[in-house]
Structures are given as C-alpha cells and as structure tokens.
Amino acid sequence: MTNEETTTAEPSAHDHTEPSAHDHATHGYITAKDDYLKRLRRIEGQSRGLQRMVEEEKYCIDILTQVSAMTKALQAVAMGLLEDHISHCVVDAAIAGGPEAEAKIKEATDAIARLVRS
C-alpha cells in the first residue's frame with residue numbers, strides 16, 4: 001500500500017470506544033442488512049475473480065471489464081447505504097432539530113463528497 005492509499009482513508013466514528021452520535025440502536029440499512037451482506041459477498045467473489053484473472057494473465061480489457069463491474073456494484077451498495085442513511089438517520093435528526101440535525105446534514109454532505117471524488 002502506498003502512502004497516498006493509507007492517508008486517504010478517514011477515521012471511522014466506530015474506531016474508538018467512546019459513545020458518539022453514530023451509535024444507534026438501529027441504523028437505516030438494518031431492514032436490508034441481509035441484502036447488503038449478500039451484495040458485499042458477491043463483490044468479495046468478484047475481487048477474488050479479479051485476482052485469479054491477473055494471476056492467470058488474462059487479457060487486459062477483460063480484467064478492466066470486471067473492474068468496472070465491481071466498481072458499479074460497490075457504487076450501488078454505497079448509494080443504497082447513503083439513501084438509507086438520509087431517509088432514516090438524517091430525517092430523524094432533522095425532526096429532532098438542533099445541533100444534531102446540523103451535524104447529520106454535514107455528515108451526509110461529507111459522505112456524498114467522498115463518493116463523488118471516488
């Protein structure tokens with residue numbers, strides 16, 4: 001891993017043991033948790049397939065085609081999670097109002113910015 005790769009990841013709110021505004025009894029995605037896990041396992045399989053393709057020295061364009069498919073699958077998961085977050089966590093915070101609402105909107109905006117850059 002290069003220095004650039006190690007420095008672009010932002011710390012997660014769950015990287016520490018202190019309670020935070022991110023700690024909820026349920027998250028927006030919880031009703032679709034099994035679907036997300038199924039999709040992520042499929043993506044994991046795609047990753048292993050890509051590794052095999054490189055090991056077997058498959059044609060560049062075929063590998064790139066699979067990278068594109070995997071990227072689209074990850075983007076679909078990200079968009080679903082973002083939609084669930086906005087419709088659950090952000091809406092709940094907006095109803096409650098105050099600083100938590102502002103924080104959730106900023107958090108969602110930052111997440112969108114990260115997705116747009118990726």
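The chain contains four helices and zero strands. Read from the N terminus, its elements follow the order α-α-α-α. I should state at once that this is a predicted model, and every value I give is computed from it.

Two figures describe the chain as a whole. It has 118 residues, and 18% of them count as buried. Among the contacts between residues at least 6 apart in sequence, 54% join residues at least 24 apart.

Let me turn to the packing of the helices, beginning with α2 and α3. Helix α2 covers residues 33-55, and helix α3 covers residues 60-96. The two pack at an angle of about 160°, and their axes are 10 Å apart. Because an angle over 145 degrees counts as roughly antiparallel, α2 is roughly antiparallel to α3. The crossing in which α2 passes α3 is left-handed. As for composition, the residues of this contact comprise 15 nonpolar, four polar and three charged.

Two pairs of residues may help you to locate these helices in the viewer. The first pair starts from leucine 40, which lies in helix α2. Between leucine 40 and leucine 74 there are 34 positions in sequence, yet their C-alpha atoms are 7.9 Å apart in space. Leucine 40 has a relative accessible area of 38%, so it is classed as partly exposed. The second pair starts from alanine 76, a residue of helix α3. Alanine 76 and arginine 39 are separated by 37 residues in sequence and by 9.3 Å in space, again from C-alpha to C-alpha. With a relative accessible area of 29%, alanine 76 is also partly exposed.

Between α2 and α3 there is a loop, and glutamate 57 is located in it. What is the sign of phi at glutamate 57? It is positive, about 55°, although glutamate 57 is not a glycine. For context, most residues other than glycine have a negative phi. Glutamate 57 is also exposed, with a relative accessible area of 71%.

I come now to the second helix pair. Helix α4 covers residues 98-117, and its axis comes within 8 Å of the axis of α3, with a crossing angle of roughly 165°. That angle makes α3 roughly antiparallel to α4. Here too the crossing is described as left-handed, with α3 passing α4. On the α3 side, the residues that make the contact include Leu82, His85, Ile86, Cys89 and Val90. On the α4 side, they include Lys104, Ile105, Ala108, Ile112 and Leu115. The residues of this contact divide into 14 nonpolar, two polar and three charged.

Finally, a word on the cysteines. How many disulfides does the chain have? The count comes to zero, where a disulfide would need a pair of cysteine sulfur atoms within 2.5 Å. Cysteine 60 is exposed, and its relative accessible area is 53%. Cysteine 89, by contrast, counts as buried, because its relative accessibility is 7%. Cysteine 89 is also one of the α3 residues that touch α4.

To close, I return to the two helix contacts. The pairing of α2 with α3 is roughly antiparallel, and so is that of α3 with α4.

Terms used:
Residues are numbered from 1 along each chain as its sequence is written. This is a predicted model: local features need pLDDT of at least 70, side-chain atom pairs count only at pLDDT 80 or more; totals for chains, interfaces and linings use all residues. Side-chain values use heavy atoms; hydrogens and water are left out. Buried means under 20% relative accessible area, exposed over 50%, partly exposed in between (1.4 Å probe, protein chains only). Axes are lines fitted to C-alpha atoms, for helices over the stretch in contact, and angles run from 0 to 180 degrees between N-to-C directions. Angles under 35 degrees count as roughly parallel, over 145 as roughly antiparallel, 65 to 115 as roughly perpendicular and the rest as oblique. A crossing is left-handed if the near helix is turned anticlockwise from the far one by less than a right angle, and right-handed if clockwise. Contact means heavy atoms within 4.5 Å. Ala, Val, Leu, Ile, Met, Phe, Trp, Tyr, Cys and Pro count as nonpolar, Asp, Glu, Lys and Arg as charged, and the others, Gly among them, as polar.
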